[in-house]
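I opened this notebook page to record what I looked up in the structure, entry by entry. The sequence and the model come before the notes.

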Amino acid sequence: MALTGLQIQKLLPKTNCRECGSNTCMAFAMKLAAKKAEIAECPYASEEAISVLGAASELPVRGIALGPDRALMLGEETVLYRHEKTFFHQTALAVNINDTNPPGMIEETLTAVRDYRLERVGETFLIDMVAVTHAGADANIFAALAKRAWETTGHPLILRSASPAALKAAASTVKGSRSVLSAALPETLDELCIVAKENDHVLAVTAPDLDDLFRCASKLREAGFHDILLQFPISSLAEEFQTNSAVRRAALKDTVKPLGYPFLRFLNHGNDLLEIAAGAITEIDKYGGICVLPAFDPALMAALMTLRLNIYTDPQKPIQVEPKVYPIGEPRTDSPVFVTTNFSLTYFTVSGEIENSGTSGWLVVPECEGMSVLTAWAAGKFSGASIAKFVKEVGLENQVSTREIVIPGYVTQISGELEENLPGWKVLVGPQDAADIESFIKTVLSKRKV
Ligand code: SF4
(Lines give C-alpha, C1' and ligand atoms only; values in the text may rest on other atoms or scores of the structure.)
Protein backbone atom coordinates (compact mmCIF):
# COMPACT_ATOMS: atom_id res chain seq x y z
CA MET A 1 0.00 0.00 0.00
CA ALA A 2 1.27 3.49 -0.82
CA LEU A 3 2.73 5.46 2.11
CA THR A 4 1.84 9.09 2.84
CA GLY A 5 4.45 11.84 2.97
CA LEU A 6 4.18 11.95 6.77
CA GLN A 7 4.72 8.20 7.10
CA ILE A 8 7.76 8.41 4.84
CA GLN A 9 9.19 11.41 6.68
CA LYS A 10 9.25 9.39 9.93
CA LEU A 11 11.61 6.93 8.19
CA LEU A 12 14.06 9.64 7.05
CA PRO A 13 17.04 11.03 9.12
CA LYS A 14 15.26 14.40 9.66
CA THR A 15 18.53 16.35 9.55
CA ASN A 16 17.42 18.58 6.65
CA CYS A 17 20.93 18.43 5.19
CA ARG A 18 19.61 19.17 1.64
CA GLU A 19 21.92 16.69 -0.07
CA CYS A 20 18.95 15.12 -1.84
CA GLY A 21 18.14 18.46 -3.48
CA SER A 22 15.13 19.16 -1.26
CA ASN A 23 15.21 21.83 1.42
CA THR A 24 13.87 19.51 4.11
CA CYS A 25 13.38 15.82 4.77
CA MET A 26 9.65 16.50 4.73
CA ALA A 27 9.83 18.02 1.25
CA PHE A 28 11.80 14.99 0.08
CA ALA A 29 9.23 12.68 1.70
CA MET A 30 6.46 14.44 -0.22
CA LYS A 31 8.37 13.88 -3.46
CA LEU A 32 8.80 10.20 -2.61
CA ALA A 33 5.09 9.89 -1.87
CA ALA A 34 4.31 11.44 -5.24
CA LYS A 35 6.85 9.08 -6.90
CA LYS A 36 8.88 12.06 -8.09
CA ALA A 37 12.06 10.96 -6.30
CA GLU A 38 13.88 7.78 -5.30
CA ILE A 39 15.03 6.87 -1.80
CA ALA A 40 18.54 6.30 -3.24
CA GLU A 41 18.83 10.09 -3.59
CA CYS A 42 19.17 10.37 0.20
CA PRO A 43 22.68 9.13 1.09
CA TYR A 44 21.74 8.77 4.76
CA ALA A 45 18.61 6.64 4.38
CA SER A 46 18.62 3.70 6.80
CA GLU A 47 18.34 0.05 5.78
CA GLU A 48 14.86 0.07 7.29
CA ALA A 49 13.77 3.03 5.16
CA ILE A 50 15.15 1.44 1.99
CA SER A 51 13.45 -1.86 2.75
CA VAL A 52 10.07 -0.36 3.71
CA LEU A 53 9.96 2.07 0.80
CA GLY A 54 11.12 -0.61 -1.61
CA ALA A 55 8.28 -2.92 -0.53
CA ALA A 56 5.75 -0.06 -0.67
CA SER A 57 6.78 0.82 -4.22
CA GLU A 58 6.51 -2.79 -5.47
CA LEU A 59 3.71 -3.03 -7.97
CA PRO A 60 0.75 -5.21 -6.89
CA VAL A 61 1.22 -7.35 -10.01
CA ARG A 62 4.87 -7.83 -10.73
CA GLY A 63 6.19 -7.15 -14.24
CA ILE A 64 7.69 -10.13 -16.06
CA ALA A 65 9.79 -9.52 -19.18
CA LEU A 66 10.14 -12.25 -21.80
CA GLY A 67 12.13 -12.71 -24.98
CA PRO A 68 15.87 -12.24 -25.61
CA ASP A 69 15.50 -8.47 -25.59
CA ARG A 70 12.88 -8.63 -22.79
CA ALA A 71 10.46 -6.78 -25.05
CA LEU A 72 7.38 -8.88 -24.24
CA MET A 73 6.07 -7.54 -20.94
CA LEU A 74 3.43 -9.11 -18.73
CA GLY A 75 1.84 -7.82 -15.52
CA GLU A 76 2.44 -4.42 -13.88
CA GLU A 77 -1.32 -3.96 -13.68
CA THR A 78 -2.70 -1.66 -11.01
CA VAL A 79 -6.49 -1.73 -11.47
CA LEU A 80 -9.25 -4.32 -11.63
CA TYR A 81 -11.25 -2.48 -14.28
CA ARG A 82 -9.81 -0.78 -17.31
CA HIS A 83 -12.02 2.32 -16.92
CA GLU A 84 -10.35 3.05 -13.54
CA LYS A 85 -7.08 3.81 -15.31
CA THR A 86 -5.98 1.42 -18.06
CA PHE A 87 -4.53 -2.06 -18.43
CA PHE A 88 -0.87 -1.93 -19.36
CA HIS A 89 0.38 -5.23 -20.74
CA GLN A 90 -1.92 -7.23 -22.90
CA THR A 91 -2.45 -10.98 -22.70
CA ALA A 92 0.24 -12.71 -24.74
CA LEU A 93 -1.19 -15.16 -27.26
CA ALA A 94 0.71 -18.38 -27.93
CA VAL A 95 0.19 -21.41 -30.18
CA ASN A 96 1.00 -24.92 -28.99
CA ILE A 97 2.84 -27.69 -30.79
CA ASN A 98 3.43 -31.19 -29.39
CA ASP A 99 6.64 -33.08 -29.96
CA THR A 100 4.45 -36.00 -31.11
CA ASN A 101 2.83 -33.99 -33.94
CA PRO A 102 3.79 -35.07 -37.49
CA PRO A 103 6.89 -33.17 -38.70
CA GLY A 104 4.97 -31.60 -41.60
CA MET A 105 2.33 -30.23 -39.27
CA ILE A 106 4.97 -28.85 -36.90
CA GLU A 107 6.77 -27.10 -39.76
CA GLU A 108 3.52 -25.69 -41.11
CA THR A 109 2.50 -24.37 -37.69
CA LEU A 110 5.88 -22.79 -36.94
CA THR A 111 5.98 -21.09 -40.34
CA ALA A 112 2.41 -19.85 -39.97
CA VAL A 113 3.14 -18.47 -36.49
CA ARG A 114 6.32 -16.77 -37.71
CA ASP A 115 4.61 -15.18 -40.72
CA TYR A 116 1.33 -14.19 -39.10
CA ARG A 117 0.56 -10.47 -39.32
CA LEU A 118 -2.66 -8.64 -38.51
CA GLU A 119 -3.12 -4.98 -39.49
CA ARG A 120 -5.63 -3.07 -37.39
CA VAL A 121 -6.06 0.70 -37.12
CA GLY A 122 -2.57 1.34 -38.37
CA GLU A 123 -0.88 -1.17 -36.06
CA THR A 124 0.65 -4.55 -36.87
CA PHE A 125 0.09 -7.45 -34.49
CA LEU A 126 2.13 -10.65 -34.32
CA ILE A 127 1.71 -13.89 -32.42
CA ASP A 128 3.68 -13.50 -29.21
CA MET A 129 4.91 -16.95 -28.23
CA VAL A 130 5.07 -20.64 -29.09
CA ALA A 131 4.36 -23.38 -26.57
CA VAL A 132 6.27 -26.64 -27.01
CA THR A 133 4.69 -29.58 -25.20
CA HIS A 134 6.61 -32.70 -24.27
CA ALA A 135 3.98 -35.33 -25.07
CA GLY A 136 6.29 -38.15 -26.16
CA ALA A 137 8.83 -40.21 -24.24
CA ASP A 138 12.11 -38.84 -25.55
CA ALA A 139 13.45 -35.72 -23.81
CA ASN A 140 15.95 -35.16 -26.63
CA ILE A 141 13.15 -34.83 -29.21
CA PHE A 142 11.43 -32.30 -26.92
CA ALA A 143 14.64 -30.27 -26.54
CA ALA A 144 15.32 -30.43 -30.29
CA LEU A 145 11.80 -29.20 -31.06
CA ALA A 146 12.23 -26.33 -28.60
CA LYS A 147 15.39 -25.31 -30.45
CA ARG A 148 13.63 -25.60 -33.81
CA ALA A 149 10.68 -23.47 -32.63
CA TRP A 150 13.02 -20.82 -31.26
CA GLU A 151 15.15 -20.68 -34.40
CA THR A 152 12.15 -20.63 -36.76
CA THR A 153 9.99 -18.03 -35.04
CA GLY A 154 12.35 -16.03 -32.84
CA HIS A 155 9.51 -15.87 -30.32
CA PRO A 156 10.00 -16.73 -26.64
CA LEU A 157 8.70 -20.19 -25.78
CA ILE A 158 6.66 -21.92 -23.14
CA LEU A 159 8.37 -25.25 -22.49
CA ARG A 160 5.86 -27.67 -21.04
CA SER A 161 6.77 -31.01 -19.56
CA ALA A 162 5.96 -33.12 -16.53
CA SER A 163 9.60 -34.19 -16.43
CA PRO A 164 12.08 -31.83 -14.68
CA ALA A 165 14.93 -33.53 -16.56
CA ALA A 166 13.28 -32.83 -19.94
CA LEU A 167 12.64 -29.22 -18.94
CA LYS A 168 16.25 -28.86 -17.86
CA ALA A 169 17.50 -30.17 -21.22
CA ALA A 170 15.17 -27.93 -23.24
CA ALA A 171 15.85 -24.89 -21.02
CA SER A 172 19.57 -25.01 -21.70
CA THR A 173 18.98 -25.61 -25.43
CA VAL A 174 17.11 -22.31 -25.73
CA LYS A 175 19.15 -20.36 -23.18
CA GLY A 176 19.06 -16.70 -24.16
CA SER A 177 15.43 -16.81 -25.34
CA ARG A 178 14.10 -15.82 -21.88
CA SER A 179 11.24 -18.31 -22.11
CA VAL A 180 8.86 -19.93 -19.61
CA LEU A 181 9.27 -23.33 -17.95
CA SER A 182 5.95 -25.01 -17.23
CA ALA A 183 5.48 -26.02 -14.61
CA ALA A 184 7.02 -26.45 -11.19
CA LEU A 185 4.99 -28.50 -8.71
CA PRO A 186 5.58 -28.33 -4.93
CA GLU A 187 7.88 -31.33 -5.16
CA THR A 188 9.92 -29.99 -8.13
CA LEU A 189 9.96 -26.33 -7.10
CA ASP A 190 13.55 -26.17 -5.79
CA GLU A 191 15.00 -28.13 -8.69
CA LEU A 192 13.25 -26.12 -11.41
CA CYS A 193 13.95 -22.81 -9.69
CA ILE A 194 17.66 -23.56 -10.09
CA VAL A 195 17.13 -24.49 -13.78
CA ALA A 196 15.21 -21.25 -14.40
CA LYS A 197 17.90 -19.16 -12.68
CA GLU A 198 20.78 -20.84 -14.47
CA ASN A 199 19.20 -20.33 -17.89
CA ASP A 200 17.51 -16.97 -17.20
CA HIS A 201 14.01 -18.28 -17.82
CA VAL A 202 10.72 -17.59 -16.06
CA LEU A 203 9.16 -20.35 -13.96
CA ALA A 204 5.45 -21.16 -14.05
CA VAL A 205 4.23 -22.63 -10.79
CA THR A 206 1.27 -24.93 -10.38
CA ALA A 207 -0.17 -27.10 -7.61
CA PRO A 208 -3.20 -29.30 -6.97
CA ASP A 209 -5.01 -26.41 -5.25
CA LEU A 210 -4.69 -22.67 -4.71
CA ASP A 211 -3.38 -22.99 -1.15
CA ASP A 212 -0.46 -25.09 -2.32
CA LEU A 213 0.14 -22.70 -5.22
CA PHE A 214 0.22 -19.81 -2.77
CA ARG A 215 2.78 -21.64 -0.64
CA CYS A 216 4.96 -22.37 -3.68
CA ALA A 217 4.97 -18.71 -4.77
CA SER A 218 5.68 -17.60 -1.19
CA LYS A 219 8.63 -19.96 -0.96
CA LEU A 220 10.13 -18.63 -4.20
CA ARG A 221 9.65 -15.04 -3.04
CA GLU A 222 11.35 -15.76 0.26
CA ALA A 223 14.27 -17.18 -1.71
CA GLY A 224 14.43 -13.89 -3.64
CA PHE A 225 13.15 -15.41 -6.90
CA HIS A 226 10.49 -13.34 -8.64
CA ASP A 227 10.43 -14.56 -12.24
CA ILE A 228 7.17 -16.35 -11.54
CA LEU A 229 3.96 -17.08 -13.44
CA LEU A 230 0.91 -18.62 -11.77
CA GLN A 231 -0.63 -21.60 -13.54
CA PHE A 232 -3.93 -22.47 -11.87
CA PRO A 233 -5.45 -25.94 -11.60
CA ILE A 234 -8.61 -25.19 -13.59
CA SER A 235 -11.14 -27.62 -15.04
CA SER A 236 -13.99 -25.45 -16.34
CA LEU A 237 -14.74 -22.07 -17.87
CA ALA A 238 -16.58 -20.96 -14.72
CA GLU A 239 -13.60 -21.93 -12.59
CA GLU A 240 -11.25 -20.06 -14.93
CA PHE A 241 -13.36 -16.89 -14.64
CA GLN A 242 -13.71 -17.15 -10.85
CA THR A 243 -10.08 -18.04 -10.13
CA ASN A 244 -8.58 -15.36 -12.35
CA SER A 245 -10.92 -12.73 -10.84
CA ALA A 246 -10.41 -13.80 -7.21
CA VAL A 247 -6.62 -14.03 -7.48
CA ARG A 248 -6.26 -10.67 -9.22
CA ARG A 249 -8.56 -9.07 -6.64
CA ALA A 250 -6.47 -10.55 -3.83
CA ALA A 251 -3.29 -9.15 -5.40
CA LEU A 252 -4.69 -5.66 -6.07
CA LYS A 253 -7.09 -5.03 -3.21
CA ASP A 254 -5.60 -7.13 -0.41
CA THR A 255 -1.95 -6.83 -1.56
CA VAL A 256 -1.39 -10.58 -1.28
CA LYS A 257 2.11 -10.48 -2.74
CA PRO A 258 2.54 -14.21 -3.59
CA LEU A 259 -0.51 -13.89 -5.86
CA GLY A 260 0.76 -10.71 -7.54
CA TYR A 261 2.20 -12.40 -10.65
CA PRO A 262 0.90 -12.81 -14.21
CA PHE A 263 -1.06 -15.96 -15.09
CA LEU A 264 -0.29 -18.71 -17.59
CA ARG A 265 -3.17 -20.70 -19.05
CA PHE A 266 -3.19 -23.63 -21.47
CA LEU A 267 -6.53 -24.13 -23.22
CA ASN A 268 -7.10 -27.86 -23.36
CA HIS A 269 -10.36 -28.10 -25.24
CA GLY A 270 -9.42 -30.46 -28.03
CA ASN A 271 -10.98 -29.35 -31.29
CA ASP A 272 -14.04 -27.59 -29.86
CA LEU A 273 -13.49 -24.16 -31.36
CA LEU A 274 -16.31 -22.57 -29.39
CA GLU A 275 -14.88 -23.71 -26.07
CA ILE A 276 -11.37 -22.66 -27.10
CA ALA A 277 -12.67 -19.21 -28.08
CA ALA A 278 -14.64 -18.86 -24.82
CA GLY A 279 -11.57 -19.82 -22.78
CA ALA A 280 -9.32 -17.39 -24.65
CA ILE A 281 -11.86 -14.57 -24.39
CA THR A 282 -12.06 -15.15 -20.65
CA GLU A 283 -8.28 -14.89 -20.38
CA ILE A 284 -8.18 -11.65 -22.37
CA ASP A 285 -11.09 -10.14 -20.45
CA LYS A 286 -10.04 -11.42 -17.06
CA TYR A 287 -6.39 -10.66 -16.50
CA GLY A 288 -4.72 -13.46 -18.44
CA GLY A 289 -0.92 -13.14 -18.74
CA ILE A 290 -0.25 -15.79 -21.38
CA CYS A 291 -3.00 -17.74 -23.14
CA VAL A 292 -1.89 -20.84 -25.07
CA LEU A 293 -4.14 -21.94 -27.93
CA PRO A 294 -4.02 -25.67 -28.74
CA ALA A 295 -3.50 -25.08 -32.48
CA PHE A 296 -3.07 -22.30 -35.03
CA ASP A 297 -6.33 -20.93 -36.41
CA PRO A 298 -5.91 -17.60 -38.28
CA ALA A 299 -9.59 -16.66 -38.00
CA LEU A 300 -9.67 -17.20 -34.24
CA MET A 301 -6.36 -15.39 -33.87
CA ALA A 302 -7.69 -12.32 -35.72
CA ALA A 303 -10.83 -12.23 -33.56
CA LEU A 304 -8.84 -12.58 -30.33
CA MET A 305 -6.33 -9.91 -31.31
CA THR A 306 -9.15 -7.51 -32.17
CA LEU A 307 -10.80 -8.14 -28.81
CA ARG A 308 -7.47 -7.72 -27.05
CA LEU A 309 -6.87 -4.41 -28.81
CA ASN A 310 -10.18 -3.14 -27.46
CA ILE A 311 -9.57 -4.29 -23.90
CA TYR A 312 -6.00 -2.99 -23.72
CA THR A 313 -6.55 0.39 -25.37
CA ASP A 314 -6.33 3.18 -22.82
CA PRO A 315 -9.96 4.30 -22.46
CA GLN A 316 -8.79 7.82 -21.60
CA LYS A 317 -6.68 8.16 -24.76
CA PRO A 318 -8.58 7.45 -27.96
CA ILE A 319 -6.35 6.00 -30.64
CA GLN A 320 -5.94 8.63 -33.29
CA VAL A 321 -4.12 9.41 -36.51
CA GLU A 322 -2.15 12.52 -37.31
CA PRO A 323 -4.33 15.40 -38.52
CA LYS A 324 -3.43 16.04 -42.18
CA VAL A 325 -4.61 15.51 -45.75
CA TYR A 326 -4.13 11.84 -46.70
CA PRO A 327 -3.81 10.75 -50.33
CA ILE A 328 -5.86 7.58 -50.89
CA GLY A 329 -4.59 5.61 -53.88
CA GLU A 330 -2.92 7.89 -56.41
CA PRO A 331 -5.05 11.03 -56.42
CA ARG A 332 -4.74 13.78 -59.02
CA THR A 333 -5.49 17.42 -58.39
CA ASP A 334 -9.05 16.91 -59.61
CA SER A 335 -9.73 13.80 -57.51
CA PRO A 336 -12.59 13.95 -54.99
CA VAL A 337 -12.05 15.35 -51.50
CA PHE A 338 -13.56 13.71 -48.40
CA VAL A 339 -13.42 14.78 -44.79
CA THR A 340 -13.62 12.76 -41.59
CA THR A 341 -12.25 12.84 -38.03
CA ASN A 342 -8.88 11.63 -36.72
CA PHE A 343 -10.31 8.78 -34.60
CA SER A 344 -8.22 5.84 -35.88
CA LEU A 345 -11.11 3.48 -36.37
CA THR A 346 -13.07 6.10 -38.33
CA TYR A 347 -10.06 7.05 -40.43
CA PHE A 348 -9.13 3.47 -41.36
CA THR A 349 -12.74 2.53 -42.09
CA VAL A 350 -13.34 5.53 -44.36
CA SER A 351 -9.97 5.34 -46.12
CA GLY A 352 -10.43 1.59 -46.63
CA GLU A 353 -13.86 2.08 -48.19
CA ILE A 354 -12.57 4.78 -50.56
CA GLU A 355 -9.68 2.51 -51.53
CA ASN A 356 -12.00 -0.48 -52.03
CA SER A 357 -14.14 1.54 -54.43
CA GLY A 358 -11.18 1.74 -56.81
CA THR A 359 -11.29 5.53 -56.68
CA SER A 360 -8.34 7.69 -55.68
CA GLY A 361 -9.05 10.74 -53.57
CA TRP A 362 -7.97 13.09 -50.82
CA LEU A 363 -9.05 12.50 -47.23
CA VAL A 364 -9.00 15.61 -45.07
CA VAL A 365 -8.55 14.70 -41.40
CA PRO A 366 -8.63 17.69 -39.03
CA GLU A 367 -7.69 17.53 -35.35
CA CYS A 368 -10.71 16.11 -33.47
CA GLU A 369 -8.87 14.75 -30.39
CA GLY A 370 -9.43 11.19 -31.58
CA MET A 371 -13.22 11.40 -31.41
CA SER A 372 -15.65 9.73 -33.80
CA VAL A 373 -17.75 11.87 -36.14
CA LEU A 374 -20.85 12.41 -34.00
CA THR A 375 -18.91 12.72 -30.73
CA ALA A 376 -16.54 15.27 -32.27
CA TRP A 377 -19.46 17.24 -33.72
CA ALA A 378 -21.27 17.22 -30.34
CA ALA A 379 -18.06 18.41 -28.64
CA GLY A 380 -17.67 21.25 -31.15
CA LYS A 381 -14.49 19.72 -32.62
CA PHE A 382 -15.93 18.89 -36.04
CA SER A 383 -17.82 21.98 -37.12
CA GLY A 384 -18.02 23.76 -40.47
CA ALA A 385 -15.77 26.51 -39.12
CA SER A 386 -13.10 24.14 -37.74
CA ILE A 387 -12.96 22.07 -40.93
CA ALA A 388 -12.69 25.21 -43.08
CA LYS A 389 -9.93 26.55 -40.84
CA PHE A 390 -7.99 23.30 -41.20
CA VAL A 391 -8.47 23.24 -45.00
CA LYS A 392 -6.97 26.73 -45.18
CA GLU A 393 -4.13 25.97 -42.77
CA VAL A 394 -2.94 22.92 -44.75
CA GLY A 395 -3.21 24.81 -48.05
CA LEU A 396 -5.61 22.33 -49.64
CA GLU A 397 -6.84 24.95 -52.08
CA ASN A 398 -3.35 25.08 -53.63
CA GLN A 399 -3.05 21.30 -53.65
CA VAL A 400 -6.28 20.42 -55.50
CA SER A 401 -8.33 21.96 -58.28
CA THR A 402 -11.51 20.27 -56.99
CA ARG A 403 -13.87 22.61 -55.19
CA GLU A 404 -16.23 19.98 -53.82
CA ILE A 405 -15.83 18.37 -50.40
CA VAL A 406 -17.78 15.35 -49.16
CA ILE A 407 -18.78 15.41 -45.48
CA PRO A 408 -20.09 12.42 -43.45
CA GLY A 409 -23.86 11.93 -43.68
CA TYR A 410 -24.22 12.11 -39.88
CA VAL A 411 -23.26 15.81 -39.83
CA THR A 412 -25.35 17.17 -42.68
CA GLN A 413 -26.13 20.13 -40.39
CA ILE A 414 -22.60 21.56 -40.80
CA SER A 415 -22.83 21.85 -44.59
CA GLY A 416 -24.12 25.46 -44.58
CA GLU A 417 -21.50 26.64 -42.10
CA LEU A 418 -18.75 24.90 -44.05
CA GLU A 419 -19.81 26.55 -47.33
CA GLU A 420 -19.92 29.94 -45.60
CA ASN A 421 -16.38 29.47 -44.31
CA LEU A 422 -15.02 28.00 -47.54
CA PRO A 423 -16.12 30.46 -50.22
CA GLY A 424 -16.06 28.88 -53.68
CA TRP A 425 -16.49 25.33 -52.36
CA LYS A 426 -19.56 23.13 -52.68
CA VAL A 427 -20.34 20.73 -49.86
CA LEU A 428 -21.72 17.30 -50.73
CA VAL A 429 -23.33 15.20 -48.01
CA GLY A 430 -21.97 11.67 -48.13
CA PRO A 431 -23.50 8.53 -46.66
CA GLN A 432 -23.93 7.96 -42.93
CA ASP A 433 -22.44 4.51 -43.08
CA ALA A 434 -18.89 4.10 -44.39
CA ALA A 435 -19.98 0.85 -46.03
CA ASP A 436 -22.06 2.96 -48.44
CA ILE A 437 -19.12 5.10 -49.61
CA GLU A 438 -18.45 2.88 -52.61
CA SER A 439 -22.02 3.14 -53.91
CA PHE A 440 -22.00 6.89 -53.15
CA ILE A 441 -18.87 7.31 -55.26
CA LYS A 442 -20.36 5.28 -58.10
CA THR A 443 -23.86 6.76 -58.07
CA VAL A 444 -23.21 10.38 -57.05
CA LEU A 445 -19.59 11.38 -57.67
CA SER A 446 -19.03 9.53 -60.94
CA LYS A 447 -22.16 11.11 -62.42
CA ARG A 448 -20.74 14.49 -61.58
CA LYS A 449 -17.63 13.57 -63.61
CA VAL A 450 -15.37 14.38 -60.71
FE1 SF4 B 1 16.81 14.57 4.63
FE2 SF4 B 1 18.21 12.73 3.37
FE3 SF4 B 1 17.37 14.85 2.04
FE4 SF4 B 1 19.29 15.08 3.85
S5 SF4 B 1 19.43 13.96 1.97
S6 SF4 B 1 17.47 16.42 3.57
S7 SF4 B 1 18.64 13.57 5.34
S8 SF4 B 1 16.10 13.29 3.02
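Before placing anything in a loop I noted that helices (H or I, at least four residues) and strands (E, at least two) are DSSP runs, numbered from the N terminus. I also kept in mind that this is a predicted model.

Entry on Thr255. I looked up where Thr255 sits and found it in the loop between helix H9 (237-253) and strand S11 (263-266). Its phi is near 45 degrees, which I flagged as a positive value in a residue other than glycine. Thr255 has a relative accessible area of 36% and is therefore partly exposed.

Entry on the whole protein. I then stepped back to the overall figures: the secondary structure comes to 17 helices and 17 strands, and the C-alpha trace spans about 80 × 70 × 35 Å along its principal axes. Of the 450 residues of the protein, 49% count as buried.

Entry on strand S8. Is strand S8 (residues 180-184) buried or exposed? I found that 5 of its 5 residues are buried, so the strand is largely enclosed by the rest of the structure. On one side of my list of partners stands strand S7 (residues 157-160), which pairs with S8 in the parallel sense over 3 bridges, and within this pairing Ile158 stands opposite Val180 of S8. Helix H6 (residues 164-173) completes a right-handed β-α-β unit with S7 and S8. The other partner I noted is strand S9 (residues 202-205), which runs parallel to S8 and is joined to it by 3 bridges; here Ala184 has Val205 in S9 as its bridge partner. From S8 the chain crosses through helix H7 (residues 189-199) to S9, and I recorded this β-α-β crossover as right-handed.

Entry on the backbone around S8. I checked the peptide bonds and found a cis one joining Ser182 and Ala183, with omega about -5 degrees; Ala183 has its place in strand S8. I also looked at Arg178, found in the loop between H6 and S8, where phi is near 50 degrees, again a positive value in a residue other than glycine. What is the relative accessible area of Arg178? I read 3%, and since buried means under 20%, Arg178 counts as buried.

Entry on the ligand. Which residues surround the ligand? I listed Pro13, Thr15, Asn16, Cys17, Arg18, Glu19, Cys20, Cys25, Phe28, Cys42 and Pro43. Sorted by character, the residues of this shell divide into 7 nonpolar, 2 polar and 2 charged. I noted as well that the space taken by the ligand is the largest cavity.

Entry on Phe382. I located Phe382 in the loop between helix H13 (373-378) and helix H14 (384-393), and it counts as buried because its relative accessibility is 0%. Phe382 and Ser372 are 10 residues apart along the chain, and I noted a separation of 9.4 Å between their C-alpha atoms.

Entry on Ser446. My last look-up was Ser446, which is found in the segment after helix H17 (437-445). Ser446 is partly exposed, since its relative accessible area is 43%. For its C-alpha atom and that of Pro336, 110 residues apart along the chain, I wrote down a separation of 9.8 Å.

Definitions and conventions: Residues are numbered from 1 along each chain as its sequence is written. This is a predicted model: local features need pLDDT of at least 70, side-chain atom pairs count only at pLDDT 80 or more; totals for chains, interfaces and linings use all residues. Side-chain values use heavy atoms; hydrogens and water are left out. Buried means under 20% relative accessible area, exposed over 50%, partly exposed in between (1.4 Å probe, protein chains only). Two strands pair if DSSP finds at least two bridges between them. A crossover is right-handed if, with the strands pointing away from the viewer, the path from the first strand over the helix to the second runs clockwise. A residue is near a molecule or strand if one of its heavy atoms lies within 4 Å of it. On a 1 Å grid over the protein atoms alone, a cavity is a set of points where a 1.4 Å probe fits but cannot get out, and a pocket is an open set with protein on both sides within 12 Å along at least five of seven lines; lining residues have an atom within 4 Å of a point. A molecule sits in a cavity or pocket if more than half of its atoms lie within 2 Å of its grid points. Ala, Val, Leu, Ile, Met, Phe, Trp, Tyr, Cys and Pro count as nonpolar, Asp, Glu, Lys and Arg as charged, and the others, Gly among them, as polar.
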